[in-house]
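Student: I have a model open and would like to work through its fold with you. Could we go step by step?

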Amino acid sequence: MKNILILPGDYIGPEVMAEAVKVLEVFKAEGEPIAWSFGHLGGAAYEAEGHPYPPSTQQAARAADAILMGAVGGPKYDGLPRAVRPEQGILGIRKDLGLFANLRPALAYEALAAASPLKPELIAGLDVLIVRELTGDIYFGQPRGRRKTADGHDEGYDTMHYSVPEIERIAHVAFQAARKRRRRLCSVDKENVLETSRLWREVMIRVGRDYPDVELTHLYVDNAAMQLIKNPRQFDVIVTGNLFGDILSDEASQLAGSIGMLPSASLDANNKGLYEPIHGSAPDIAGQNKANPLAMILSVGMMFKYSFGRTDLADRIDAAVRKVLQDGKRTGDIAQPGEPVIGTQEMGAAVVDALRTSK
C-alpha cells in the first residue's frame, strides 16, 4: 500500500486538490494499492496549529510515500512575522525531507498553441525539463538579515552559496534525466560574476565526464532567459540553482500558455517526492470555481511516474488531459476570446471521464 499525504494549501489550493483526489479515486476503484490522508501546510497550518509546518505535518510527511501539495500563501498572511509566513512551510518541508531536486516540465500542448504569448511556430513541439536545485543557494544561505550601515541606513543581506556535494547530486539527477530524453543538458549560471557559479560550472564539467553520451552546454542566466523566448525549442534539459531555477521555470510556464498547466516534482535521493502545481494560490479567484486544476492533476501523474514507478498511470493522466484539451475544454486562463469557459469542477470531471474510458 502506498500512502499519500495530501496538503490542500490555501485559497484555490483546496479547490484544485479536490479534482486531483477524484483522479486518485479512479485508480483506487480500479484496484491500485493507494491510500491517502490530509494535513495542513502554509497559511491553513498556521491558522490550525500556529505554524506553517507544524509537528503533526512533519510526522505525517516523514511517514508518507509521497506528498501532494496545493499552493500556499496569500495576502491575509502578509502581516505575519517572517518565521511563520506560509512560504516558510514550503521551505521547511523541502529542507526537512531533503527534497533537493525539483523537476518542472514545460510542454506545449498542440491544442493550446494559441494560448502561448509566442508565435505557434516557436513553441510547436516544445518539451523542456527544468531541473532546479531546491535546498541550497541564497534561499537557505546564512548569514542573512537586516542591519544598520555605518551611516545609519537600513540594509538587507543574504548569502548565496553551494558546496561541491550539493552541486554534484543535482548534476547527476540532470544528466540522468537527459539520458532518458534527447541527451542534451544546458547548465545555467552566472560564472562571469559569481564565485558560487564558478564552482557550479567547474563541478558540472567534471561530473559531465561521467556522461560522455550527453552533450553539456553552458549559458549565463540572463542569456538563458532571453533564449527561452527567442528559441525555446533549442533546450532539452536545463539544470540550474535555486534562485535562477525559480525565475526561469516561471518564465517557461508562460511558453506553454498558462502557469496553470505546469506540474512539478521535488525529489529526495530515493525518489520520495512532493508534487505540486507551480502556480500560486490566486486569492482573486478563490471559491469561484474558476481555477485551472490541470497542473494539480498532472502533478498526480508525476507522482505515479517518479515515486511509484507507474509510468503507465502517468501516461493515462497525460492522455486524459490532452483529450479534454483537444475536445475544447477550457478554463478561463487558457481560453481564447470567444471560446466557452468551464469551471474547476467541470474540468476535473472531464478528465475523470476521459480516464475511465481509457482503461
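Student: What is the strand order of the open sheet of 10 strands?

Tutor: Happy to start there, keeping in mind that this is a predicted model. The pairing in this sheet is mixed, and neighbouring strands are turned by 25° against each other on average, direction ignored. Reading across the open sheet, the order is β2-β1-β3-β12-β11-β4-β5-β10-β8-β9.

Student: Which are the edge strands?

Tutor: Look for strands that pair on one side only. In the order, β2 and β9 stand at the two ends. The edge strands are therefore β2 (34-38) and β9 (215-220), because each pairs on one side only.

Student: In which sense do β5 and β10 pair, parallel or antiparallel, and what stands opposite Arg 132?

Tutor: Strand β5 covers residues 127-133 and strand β10 covers residues 237-240. They pair over four bridges, in the parallel sense. Opposite Arg 132, in β10, you will find Thr 240.

Student: Which strands does helix α7 touch, and which does α9 lie across?

Tutor: Helix α7 (residues 195-208) packs on the sheet with its direction at about 170° to that of β9, and the strands touched by α7 are β5, β8 (184-189), β9 and β10. Helix α9 runs at about 155° to β5. The strands that α9 lies across are β4 (101-107), β5, β8 and β10.

Student: How are α8 and α9 arranged, roughly parallel or roughly antiparallel?

Tutor: The axes of α8 (residues 221-230) and α9 (residues 242-255) come within 10 Å and cross at roughly 10°. Angles under 35 degrees count as roughly parallel. So α8 and α9 are roughly parallel.

Student: Which residues make that contact, and what classes are they?

Tutor: From α8 come Val 221, Ala 224, Ala 225, Leu 228 and Ile 229. From α9 come Phe 244, Leu 248, Glu 251 and Leu 255. By class, the contact has eight nonpolar, no polar and one charged residues.

Student: What span should the 14 residues of α9 have?

Tutor: The rise is 1.5 Å a residue, and the expected span is that value times one less than the number of residues. The end C-alpha atoms of α9 are 20 Å apart, which agrees with the expected span of 20 Å.

Student: Is Glu 191 buried or partly exposed, and which residues is it in contact with?

Tutor: Glu 191 lies in the loop between β8 and α7. Its relative accessibility is 23%, so Glu 191 counts as partly exposed. Leaving aside neighbours within four places in sequence, Glu 191 is in contact with Ser 197, Arg 198, Arg 201 and Tyr 220.

Student: Where is the cis peptide bond from Gln 142 to Pro 143, and what is its omega?

Tutor: Pro 143 sits in the loop between β5 and β6 (145-148). The bond from Gln 142 to Pro 143 is cis, and its omega is near 5°.

Student: What are the phi values of Asp 137 and Arg 183, and is each residue buried or partly exposed?

Tutor: Asp 137, in the loop between β5 and β6, is buried, with a relative accessible area of 3%. Arg 183, in the loop between α6 (164-179) and β8, is partly exposed at 37%. Neither is a glycine, yet phi is positive in both: about 75° for Asp 137 and near 60° for Arg 183.

How values were computed: Residues are numbered from 1 along each chain as its sequence is written. This is a predicted model: local features need pLDDT of at least 70, side-chain atom pairs count only at pLDDT 80 or more; totals for chains, interfaces and linings use all residues. Side-chain values use heavy atoms; hydrogens and water are left out. Axes are lines fitted to C-alpha atoms, for helices over the stretch in contact, and angles run from 0 to 180 degrees between N-to-C directions. Angles under 35 degrees count as roughly parallel, over 145 as roughly antiparallel, 65 to 115 as roughly perpendicular and the rest as oblique. Contact means heavy atoms within 4.5 Å. Ala, Val, Leu, Ile, Met, Phe, Trp, Tyr, Cys and Pro count as nonpolar, Asp, Glu, Lys and Arg as charged, and the others, Gly among them, as polar. Buried means under 20% relative accessible area, exposed over 50%, partly exposed in between (1.4 Å probe, protein chains only).
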